[in-house]
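These are my notes from one sitting with the model. I looked up how its parts meet, what surrounds the ligand, and which backbone angles call for a second look.

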Amino acid sequence: MGRPKISVIGAGNVGASAALKLAELALGDVVLVDIVEGMPQGKALDLMEMCPVSGCDLNIIGTNSYDETEGSDIVIITSGIPRKPGMSRDDLVSTNTKIVKQVTEEVVKRSPKSILVLVTNPLDAMVYVAHGVSGFPKERIMGMAGVLDSARFRTFIAMELGVSVENIHAFVLGGHGDDMVPLARYTTVSGVPITELIPKDRIDALIQRTRDGGAEIVKLLKTGSAFYAPAASTVEMVEAILKDKKKILPCCVFTDGAYGIKDTFVGLPVKLGKGGVEEVFQIKLTDDELRQLHVSADHVKELCQRIHELGLL
Ligand code: APR
């Protein structure tokens, strides 16, 4: 049995950081694809030369063509433009829809049995686009957002309480935008809900910082958006699938009735294993949490509608 094959489309900040992490964890052979000539080849060779030091026996190829991606088990799509200061993720919709559409067409021709993990923003709408173009079953298409948003929330809680990030479990559901839904009741420090440990006004402040987490980094970087945490979050999902971990993670998935939401893509807790999205995990939400989740899902639906109105799909 050969090693798993993971293709990463877009060898920019997120793509290259994901490839680095995939190689360090020795999760499989990696194919890095980008339109910029020489860049994916250079980064792949650099990563290959890291392998003797890291002790990973893998093939890492960089290319400007899709032929090398043939037969991939998982394809991570990061191609597209990132935000600049002052932009919302939704502002990227025209450019990135065109890129994700073209990339998905190329990918699915050569890897019809793969699992697609989208990272390009606006995330939920881009998963919708890739789903429409690929025709893949809903189990084999997902987007990375909830793991990242939850990681940001976990970081801020750990900083607030001065405890290990490893003790903190958090659930951030909904779309990857300003109306994401951090669930304080289900966010715990070693099993204890943060609602018992942190005053409400501080929780509200941490939630707001989480919602603005991407923008905070865009403002600091000035020329692009976050990439280390997004890459690590993507690789956590890939690892859960390849190792058939049955790990519960918040991911952007198709919902056909779960949580009362129909026919859209939005962040929900799911079980990830070798089949991809194996189950939507149902947790009890209060009326207010459910309302927030529906507002967020409606926002995704509107953006998907706009994609059609603009004639992009
Ligand atoms: N095919 C392949 N690669 C492409 C294409 C295409 N059609 N169009 C653009 N790319 C490549 C670019 O050449 C670039 O190398 O995608 C890469 C994107 O990398 P960065 O500009 O560094 O952006 P990054 O920070 O990696 O973010 C990528 O992920 O988190 C999201 O919002 C972010 O949408 C953005 C995406």
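Entry 1, the domain interface. How much area do domain 1 and domain 2 bury between them, and what share of it is on carbon and sulfur atoms? I note at the outset that the model is predicted. I read off a buried area of about 3400 Å² between domain 1 and domain 2, with 72% of it on carbon and sulfur atoms. On the domain 1 side, R89, D124 and Y128 lose the most area to domain 2, and together they account for 18% of what that side buries. I chose this quantity because the size of an interface is often given as the accessible area lost when the parts come together.

Entry 2, bounds and contacts. I took the bounds from the domain assignment of the protein, which gives 5-143 for domain 1 and 146-309 for domain 2. The C-alpha centres of the two domains are 21 Å apart. I found 38 residues of domain 1 in contact with 46 residues of domain 2.

Entry 3, polar links across the interface. I looked up the salt bridges between domain 1 and domain 2 and found a count of 1. K138 and D256 form a salt bridge, with 3.9 Å between their closest N and O atoms. For residue pairs in polar contact between the domains, with both residues at pLDDT 80 or more, I noted 6.

Entry 4, the domain 1 side by element. I listed the elements that each supply at least two residues to the side of domain 1 that touches domain 2: the helices α1 (13-24), α3 (93-110) and α4 (123-134), and the strands β4 (74-77), β5 (115-118) and β6 (141-143). Which of them gives the most? I found that α4 does, with 8 residues. Sorted by class, this side of domain 1 has 23 nonpolar, 9 charged and 6 polar residues.

Entry 5, the ligand. I counted 22 residues around the ligand, of which N13, V14, D34, T78 and N121 come nearest. A backbone N or O atom of N13 is 2.8 Å from a ligand oxygen atom. For V14, I also read 2.8 Å from a backbone N or O atom to an oxygen atom of the ligand. The side chain of Q102 places an N or O atom 3.0 Å from a nitrogen atom of the ligand.

Entry 6, a salt bridge within a helix. The structure holds 17 salt bridges, and I examined the one that K109 forms with E106, where the closest N and O atoms are 3.7 Å apart. Why are these two residues about one helical turn apart? K109 and E106 are separated by about one helical turn because they are 3 residues apart in helix α3.

Entry 7, backbone geometry. Most residues other than glycine have a negative phi, and most peptide bonds are trans. I therefore recorded two exceptions to what is general. The peptide bond from N121 to P122 is cis, with omega near -5 degrees, and P122 sits in the loop between β5 and α4. S190, a residue other than glycine, has a positive phi near 50 degrees. I located S190 in the loop between β10 (188-189) and β11 (192-193).

Key:
Residues are numbered from 1 along each chain as its sequence is written. This is a predicted model: local features need pLDDT of at least 70, side-chain atom pairs count only at pLDDT 80 or more; totals for chains, interfaces and linings use all residues. Side-chain values use heavy atoms; hydrogens and water are left out. Domain bounds come from an automatic or database domain assignment. Contact means heavy atoms within 4.5 Å. Buried area is the accessible area (1.4 Å probe) that two parts lose on being put together, summed over both. A salt bridge is a side-chain nitrogen of Lys or Arg within 4 Å of a carboxyl oxygen of Asp or Glu. A polar contact is a pair of N or O atoms within 3.5 Å; within protein, one must be able to donate a hydrogen and the other to accept it, and residues adjacent in sequence count only if both atoms are side-chain atoms. Ala, Val, Leu, Ile, Met, Phe, Trp, Tyr, Cys and Pro count as nonpolar, Asp, Glu, Lys and Arg as charged, and the others, Gly among them, as polar. A residue is near a molecule or strand if one of its heavy atoms lies within 4 Å of it.
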